[in-house]
Amino acid sequence: AEIIILEYKTKGKLQKQICQVALDHFEKQYTTELGEAWASVRDVLTYPLCWQYAILLNKFSPSAELENTLHVKGYHPAFPGSLPYLPASFKCYIRRTPGRFPAQKHQAGKLKEYYLLNAASLLPVLALEVKDGEDVLDLCAAPGGKSVATLQCASPGQFHCNEYDDLRSRWLKQTIESFIPDPLINLIMVSKLDGRHIGDLKPELYDKVLVDAPCSNDRSWLFSSDIQQATLRLIQRKELPYLQFQLLRSAIKALRPGGSLVYSTCTLSKAENSDVINLILNSCSNVMPVDITEMAKAVSQEFTFLSGMQQHELLVLPEKGRAWGPMYVAKLKKI
């Protein structure tokens, strides 16, 4: 866990301290990449008291009382019916005001009723469009929010959740146990394989693959606990695109022809987003981009996107009152 230095109180709440090294680095890079959009994004990222949390309901533990409470507290559905893919069983609530609904404690043998998350992190799941009976791979699955969200949408034939990191893998297992009931949990395979090799181990086995890649997490990096940690992170940042490229290449091998893949990160960094996808499209002749502009259009009321992106990708920019993201999403199909 990170040590967060508490600097000053605001409205009785403690405000985390910004890590100047990370902020200076972002300032340089994102002024160039995002232009005028960066100033308002920076205001949100550096001010956690304006962050918002979405509430993803667990269909395996429904509560009419919870839905009533949410309505009373001014929450509304996050995603409109006009989306190309929005299963009736998928329910997520948000409200305009910042703040976090109380998290549920883990209780052995009892399923949680909801999952708190950044609403933008559900866009990769909605872009993947999983249907009943499809074989699905979540390549970098911890902490498990997207795996849980996928299971709110459909019942895969087989569902393979992979997480290479030991600690994160335990976290993933606990998340799945907290949200998924017994008979269904047996259909989920949790592995700790190196995602770069899964394509060779399991070639052409899946209809859908989600690559929610390890990335430089802009939100948490701004609050790095010390200069050493921040400096180390910024050095490692240069190596991430190659890892992301390798994970994508592996995911493509694991896909059946005709299958599709969604790549996502929670960074604004072009090197880890568009550049990685362009490299894949230029080096793999068996994949083609898939247009996701319909999905983006349908959710444009609640999410702000960077303009000028290609049709197969989107980048969610946090802004006040819609503090979702950063979240990059790109969709590809194997030929």
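Which strand is Ser 264 found in? Select Ser 264 and you land in strand S11, residues 255-265. Strand and helix labels here come from DSSP runs, with at least two residues (E) for a strand and at least four (H or I) for a helix, numbered from the N terminus.

Before moving on, some ground rules. This is a predicted model, where local features need pLDDT of at least 70, side-chain atom pairs count only at pLDDT 80 or more, and totals for chains, interfaces and linings use all residues. Residues are numbered from 1 along each chain as its sequence is written, and side-chain values use heavy atoms, with hydrogens and water left out.

**Stop 1: Ser 264 and its strand**

Stay on Ser 264. Is Ser 264 buried or exposed? Ser 264 counts as buried because its relative accessibility is 0%. The cut-offs are under 20% relative accessible area for buried, over 50% for exposed, and partly exposed in between, using a 1.4 Å probe and protein chains only.

Now select the whole of S11. Because 8 of its 11 residues are buried, S11 is largely enclosed by the rest of the structure. Add S10 to your selection: S10 and S11 run parallel and are joined by 6 bridges. Two strands count as paired if DSSP finds at least two bridges between them. Then add S14, which pairs with S11 in the antiparallel sense, over 6 bridges. For a marker along that pairing, pick Leu 261, which stands opposite Leu 332 in S14.

**Stop 2: across to Asp 212**

Go back to Ser 264 and look for its bridge partner. Asp 212 pairs with Ser 264 of S11, and Asp 212 itself is found in strand S10, residues 206-212. Asp 212 is buried, with a relative accessible area of 17%.

Show the side chains here. Which side chain does the side chain of Ser 264 make a polar contact with? The partner is the side chain of Asp 212, at 2.7 Å. A polar contact is a pair of N or O atoms within 3.5 Å; within protein, one must be able to donate a hydrogen and the other to accept it, and residues adjacent in sequence count only if both atoms are side-chain atoms. The side chain of Asp 212 also makes a polar contact with the side chain of Lys 146, at 3.0 Å.

**Stop 3: the annotated binding site**

Next, select Cys 140. Cys 140 sits in the loop between strand S7 (136-138) and helix H5 (145-153). At 10% relative accessibility, Cys 140 counts as buried. Leaving out residues up to four places away in sequence, the residues Cys 140 touches include Glu 163, Asp 212 and Leu 247. Touching, or contact, means heavy atoms within 4.5 Å.

An unreviewed UniProt entry annotates a "binding site" whose residues include Cys 140, Lys 146, Glu 163, Asp 194 and Asp 212. UniProt positions follow the numbering used here, feature names are shortened, and annotations may be inferred rather than shown by experiment.

While you're in this loop, click on Pro 143, which also lies between S7 and H5. A cis peptide bond joins Ala 142 and Pro 143, with omega about 0 degrees. Most residues other than glycine have a negative phi, and most peptide bonds are trans.

**Stop 4: Cys 266**

Jump to Cys 266, where UniProt (unreviewed entry) places the feature "active site". Cys 266 lies in the loop between S11 and helix H12 (274-283). Cys 266 is partly exposed, with a relative accessible area of 23%. Setting aside neighbours within four places in sequence, its contacts include Cys 215, Asp 218, Pro 326 and Met 327.

Follow that list to Pro 326, in the loop between strand S13 (313-316) and strand S14 (327-334). Here a cis peptide bond joins Gly 325 and Pro 326, and omega is about 0 degrees.

**Stop 5: two positive phi values**

Select Glu 129, which is in the loop between helix H4 (123-128) and S7. Although not a glycine, Glu 129 has a positive phi of about 55 degrees. Glu 129 is partly exposed, with a relative accessible area of 24%.

Then try Glu 204, in the loop between helix H8 (198-201) and S10. Phi of Glu 204 is near 50 degrees, a positive value in a residue other than glycine. Glu 204 is partly exposed too, at a relative accessible area of 40%.
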